[in-house]
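Okay, everyone, thanks for coming. Let me put the thing up on the screen, and then I'll walk you through the parts I picked out.

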Amino acid sequence: MQQDMIPPLTHVDATSVDDAVATLQEHGTDAATIAGNTDEINWMKNRMRTPEVLVDLKGIDEMRGIESTSDGGVRIGALTTLSNVVDSDAVNAGFSVIADAAGEIATPQIRNQGTIGGNITQDSRCWYYRNGFDCYRAGGNTCYAITGESRDHAVTDYSRCITAHPSDGAVALMALEAEVVIEGPRGTRREPLSDFFVGPEENITVMNDLAHEEILTHIEVPSTWSGASFYYEKVTDRESWDFPIVNIAAAIQTSGGSVSDVRIVSNGLAPTPKRLRNAESAITGQQITESNAASAAGTVLPNAAPQPDNRFKLGLAENLTERALLGAE
Amino acid sequence: MSNHDFQYVGQDFEVPDGRAKVTGEAKYADDYLFDNALQAKTVKSPYAHARVRSIDTSAAEQLSSVKAIITHEDVPDSPIGQPILDGEPKTFGYPVAAVAADDEYAAAAAVEAIDVEWEVLDHVVDPVEALKPGAPNPRSNGNVPTGEAAGESAEGQGGGTAAIDTVKWTDADFSGRYPENPGEYTLKWSWGDVSQGFDRADHIVEDVVTAQPIPTNPMEPRSTGAHWQSNGKVKAWVSSQSMSLTHTGLAGMLGVSPQNLTLINNFTGGGFGSKGTSYPQMGVPAYLSKQINRPVKIRGTRKEEFHWGNGRSTLVSKIRIGVDDDGRITALDIESIADSGAYSNSAMSTLSSAYNCILQCYQPETARLRGIGVFTNTPKRWPMRGPGQNQAGLVISQVADMAAEAAGVDPLDLKITNAAQQETDEFDPETAPKTGNERAPLTSAHLGTAYEQAAEAVNYDELRQRSGTREGSKVYGVGTASASHQSGYIGFDGLVAVHTDGTVEVRQGAGNLGTESFAAVARMVAETLDVPWEQVEVSWGRSDKSSFTLGQFSSNTTFTEGLANVKAAETAAQYLRELAAEELGGTAEAYDVSGGMVSHGESGESLTLAEAAQVAVDTGGKYTAEEIPDFYQENLVPLTIAAAQGVMGNSLVAFGKTTGEDLGGFVTSFAGAIAEVSVDVETGKVRVEEMANWNDSGTIVHPDSYHAQIEGGAIQGIGYALSEHYLHDEDTGIPLNTDLYKNKPPSIQDYSETPLQTGGVGEPDPFGPHGAKGVGEPPYGAAAGAVASAVRDAIGVTFHEFPISPSKVLEKIDSGEADI
């Protein structure tokens with residue numbers, strides 16, 4: 001407890017994705033991966049995770065960088081730092097909401113070190129889970145937050161575990177219908193980001209469907225939303241490093257003055273990034289006026305079941321939805 | 001302002017430790033490397049309250065890398081404070097055993113090889129809960145410290161009496177914000193007839209406000225290197241904000257005479273009160289080193305700061321104010337519950353300091369103040385920057401605004417009307433504003449002026465006009481608040497040496513916390529001796545070169561240590577005149593000390609300081625401390641005389657000692673702050689749009705440091721009001737937000753976005769060295785209170801709990817309580 005010392009381990013610099021996958025296969029659950037290593041290091045220093053082999057992905061050049069694709073989309077290597085995402089011309093040209101979200105993550109130092117892949121694959125920020133409580137997510141059989149301090153926890157779509165997804169990058173990417181590219185022992189697979197995230201009902205100990213011996217290598221953003229109107233906002237307790245109480249990303253396409261297509265995704269509400277489908281469908285086909293926006297934002301979380309200390313998130317989600325619809329540009 | 005008479009006081013200068021800090025040359029406790037050193041780690045309790053049944057160290061002893069193991073049975077017990085290791089750990093994370101091994105990896109492995117059998121005990125983390133009948137006691141021998149509060153000068157840094165009892169409020173109704181029909185209080189102050197005061201009042205308001213606990217969060221976690229040598233002498237490299245008190249405190253903790261302990265502490269990365277004296281992280285490596293006589297280091301970790309460090313006390317206050325139609329406070333009645341955590345009696349000091357602050361800032365005509373401190377199974381509540389005073393600044397500002405509203409006067413006018421403001425230029429103990437149950441006169445008080453100058457800086461009338469107006473989703477509000485702190489003490493020592501090369505050395509004894517007030521002490525000596533600044537050296541960082549003084553806390557170094565050393569400088573000047581008269585003829589009184597010379601006023605004959613110091617060496621006796629005058633022999637602390645050892649006989653040596661004759665009242669510094677906030681009623685986000693934080697600190701000695709203190713204090717205070725807190729899970733007693741990113745103190749991005757104006761009244765204090773008082777603490781409480789007051793002004797609802805996070809704002813709006 002609180003040793004602040006990583007137990008002895010073998011550090012392996014992976015030279016390629018195949019090499020990393022092979023090493024993970026070889027060592028099984030004794031191995032863990034790091035990239036920016038802004039988070040895993042804390043789990044290890046606290047000795048809550050004690051991998052014997054640490055596979056360092058940082059040296060894999062093929063997983064780094066941002067390029068525009070031939071069809072007008074953008075392909076982001078998972079190892080690309082958040083700072084590089086913020087500064088990327090390709091991102092800012094048609095998909096600035098990603099840069100807006102990435103620019104509000106953590107601190108300048110962490111954005112220089114942390115990667116976009118790490119941001120979307122990050123683990124729960126539940127303070128019980130992270131403090132070593134034997135909760136559902138940690139393999140136990142209770143949720144301490146439900147009876148304890150749950151202000152920052154989910155208000156909807158949870159099952160036993162009420163953790164809320166903390167990622168800023170995920171909501172922007174999901175609003176743009178991004179896909180993830182994953183390499184594993186059986187080759188390459190890809191899936192929409194919306195399928196990548198896993199809620200507790202499906203598997204309570206993970207946040208996404210990345211298998212142990214798989215590597216998230218790229219994020220691909222299709223051209224679909226290029227140049228659309230975007231909105232990003234993150235509500236936090238303080239200006240310095242803070243995870244969202246609730247954040248929101250919106251992409252809106254209009255045709256003839258009316259909304260032709262819209263995607264609104266929010267974190268801090270559910271164990272996975274939450275699409276606010278009610279609001280999306282309510283505003284589609286409508287002009288964005290104050291009254292239409294207010295009406296569309298009326299019931300964004302129809303199945304919400306908040307705790308007493310996070311009920312405020314319901315109104316906050318509605319307010320942010322309205323702001324997103326009215327403020328997108 | 002009377003600073004214009006000074007040559008050095010009031011001018012900026014390069015601080016003596018600045019270059020080392022910015023180049024990285026500065027060594028903090030963990031930076032020291034030792035030959036043959038071992039590394040220590042501790043075995044900690046995983047429970048909020050437990051008892052050690054047994055500790056099996058046999059497996060760890062088998063490890064070849066392990067060189068020493070100690071348990072709670074090997075170290076002295078502590079009746080109420082933190083024992084070095086505790087057999088009944090009363091908080092999560094408190095250590096019960098420690099190891100020293102070849103390196104930190106081995107030490108961590110050894111800790112995991114030690115097996116502890118625990119008896120888990122009941123815990124309580126909420127201070128109000130601790131008073132409920134049937135609630136468990138946080139300590140096996142009670143729930144309430146009942147000893148006398150330590151004086152404000154000690155601020156719980158020691159002093160006080162260790163007494164523990166069980167007090168339950170058996171007849172109280174705990175269903176409201178504050179228990180109705182409360183039971184016994186352990187601190188009771190009153191004067192005047194408060195019921196008559198309420199009878200005279202035209203309006204009476206009442207509310208309950210709770211100031212939340214927070215950890216101190218110094219940037220440097222507490223690390224220590226210790227070498228207990230085989231000859232019984234101990235050397236320790238520590239992180240402290242006090243040389244003298246830490247030195248004597250650690251000597252006591254180790255059971256060695258102070259003469260056998262040398263403390264090295266050149267640089268400290270902050271303490272905010274939590275490193276005022278010795279602490280267990282110093283004792284662990286020392287006792288391990290005692291076993292093997294090799295240097296042992298313990299590296300303090302950030303996590304440990306949250307569990308094994310200290311925090312600000314919770315203060316739950318039920319405040320009732322009576323005012324007349326002019327806004328004059330005719331009666332003030334406050335009941336409070338304060339939290340000591342598990343390992344101190346400082347809740348008593350929290351209460352007395354909080355009440356002093358409120359009395360100083362609001363000068364009520366009658367008052368009744370009652371309070372009780374309780375223990376909880378949470379980390380030690382120990383002084384944190386305005387401990388009690390800044391909670392007070394936060395809890396009372398909104399209730400004072402309610403009183404202003406009831407009386408129909410502007411809140412700022414009410415606060416100025418009641419503020420401590422002396423009526424005469426000279427100190428007059430009869431008419432001076434008063435404080436405390438003893439009604440001590442304040443040596444100087446200009447809070448009203450501070451408020452007025454702050455109001456001018458931010459154009460208060462304009463902010464008042466904008467108050468309540470809405471721009472999009474943002475509503476504006478303006479708030480006002482003050483805080484104060486006792487900031488000057490007597491009974492301490494100074495030591496000034498004039499070397500034969502003409503250098504003036506100030507062997508002052510404050511720590512080097514980072515506030516630079518130790519350098520201001522030397523600056524004041526330069527002023528007194530009128531010696532070129534380039535010729536002045538200030539020594540710091542070693543106990544064997546430090547005169548005895550109070551710690552670098554309680555906003556007091558500038559006054560306390562300044563006065564003792566200015567007195568030493570006055571003695572040095574007198575010696576120089578006597579020596580010049582002896583050497584050049586005439587009377588001592590005919591000579592002036594100025595410009596680094598000792599010159600005859602008429603003939604112009606002179607000695608340089610170097611020449612005069614050589615005459616001192618040639619003359620000996622009292623001039624070189626080879627003979628110490630009776631007054632100093634009787635009154636100086638032996639450590640001060642020991643600190644002169646290196647210069648006795650080879651330099652002019654002058655001592656200073658402050659006594660009761662040097663002080664005629666209660667030295668108090670004030671801050672008055674005005675803040676404008678915007679509240680986004682859709683997101684709950686509060687932004688401080690502007691703040692002016694103006695202080696009454698006497699003469700300003702070093703403007704750069706002065707303004708830095710106000711800026712830092714104000715930003716920290718804003719964080720206290722808006723984002724920072726310490727959260728324990730009630731069921732398990734385990735603290736949850738033990739990382740900086742979860743605990744949320746304000747950081748650089750919060751700081752840079754706040755337009756902040758700082759300033760000072762600058763009126764000299766009649767007893768302060770060159771008229772100086774202190775500055776460190778009041779800006780914090782004034783800022784916190786002003787922000788709370790401004791948020792209330794914006795959305796028309798009183799916040800009973802802090803921080804005012806977006807969630808708390810939205811809850812007030814959702815419930816319909818807010819007026820938007």
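So, Arg312(B). Leaving out residues up to four places away in sequence, Arg312(B) touches Pro213(B), Ile214(B), Arg381(B), Met384(B) and Pro387(B). Before I go further: this is a predicted model, so please hear everything today with that in mind. Arg312(B) is found in strand β15 of chain B, residues 311-312. Buried or exposed, then, this arginine? It counts as buried, because it has 29 C-beta neighbours inside 10 Å, and the cut-off for buried is 20 or more. There's also a link along the chain here: Pro379(B) is 67 residues away from Arg312(B) in sequence, yet their C-alpha atoms are separated by 9.5 Å.

Let's zoom out to how chain B is carved up. The domain assignment gives domain 1 as 29-121 + 219-270 + 275-308, domain 2 as 129-214 + 311-374, domain 3 as 407-488 + 665-814, and domain 4 as 489-662. I'd like to look at domains 1 and 4 of chain B, whose C-alpha centres are 38 Å apart. They do meet: 20 residues of domain 1 are in contact with 19 residues of domain 4. On the domain 1 side, α5 (244-254) and β13 (261-264) of chain B each put in at least two residues. And what is that domain 1 side made of? Six nonpolar residues, 14 polar ones and no charged ones.

UniProt also has something to say about this part of chain B. An unreviewed entry lists residues 23-122 of chain B as "domain: Aldehyde oxidase/xanthine dehydrogenase a/b hammerhead". In the model, that span is 15% helix and 33% strand, with its end C-alpha atoms 50 Å apart.

One of the strands of chain B I want to show you is β3, residues 66-71. Five of its six residues are buried, so β3(B) is largely enclosed by the rest of the structure. Its partner is strand β4 of chain B, residues 95-101; the two run antiparallel, with five bridges joining them. If you want a spot to click on, Val66(B) sits opposite Ala101(B) in β4(B).

Now some helices, still in chain B. Start with α11(B), residues 447-458. Twelve residues at 1.5 Å each should span 16 Å, and the end C-alpha atoms are 17 Å apart, so that agrees. Nine of the twelve are buried, which means the helix is largely enclosed by the rest of the structure. Among the buried ones are Leu447(B), Tyr451(B), Gln453(B) and Val458(B). Right after the helix comes Asn459(B), with a positive phi near 55°.

Then there's α18(B), residues 703-722, which has 20 residues and reaches 28 Å from first C-alpha to last, close to the 28 Å you'd expect. This helix is mostly covered too, with 15 of its 20 residues buried. And one backbone oddity before we leave the chain: the peptide bond from Phe802(B) to Pro803(B) is cis, omega near 0°. You'll find Pro803(B) in the loop between α21 (778-795) and α22 (806-814) of chain B.

Over to chain A. How many residues does each chain bring to the contact between A and B? Chain A gives 26 and chain B gives 38. On the chain A side, α14(A) has the largest share, five residues. That side divides into ten nonpolar, eight polar and eight charged residues.

Inside chain A, the assignment gives domain 1 (7-60), domain 2 (61-117 + 165-198 + 210-224) and domain 3 (225-327). The C-alpha centres of domains 1 and 2 of chain A lie 21 Å apart, and twelve residues of domain 1 contact 17 of domain 2. The domain 1 side there has seven nonpolar, four polar and one charged residue. The UniProt entry, again unreviewed, annotates residues 3-226 of chain A as "domain: FAD-binding PCMH-type".

Last stop, two positive phi values in chain A. Asn37(A) has phi near 55° and lies in the loop between β2 (31-34) and α2 (40-45) of chain A. It counts as partly exposed, because it has 18 C-beta neighbours inside 10 Å. Ala106(A) has phi near 50°, in the loop between α5 (96-102) and α6 (108-113) of chain A. With 20 neighbours inside 10 Å, Ala106(A) counts as buried, since 20 or more is the cut-off.

Okay, that's my tour; over to you.

Definitions and conventions
Residues numbered from 1 in each chain as written. Chains lettered and ligands numbered in written order. Predicted model: local features only at pLDDT ≥ 70, side-chain atom pairs only at ≥ 80, totals over all residues. Helix = DSSP H or I, 4+ residues; strand = E, 2+ residues; numbered from the N terminus. Pairing = 2+ DSSP bridges. Domains from an automatic or database assignment. Contact = placed C-beta atoms within 7 Å. Nonpolar A, V, L, I, M, F, W, Y, C, P; charged D, E, K, R; others polar. UniProt positions renumbered as here; feature names shortened; annotations may be inferred. Expected span 1.5 Å × (residues − 1).
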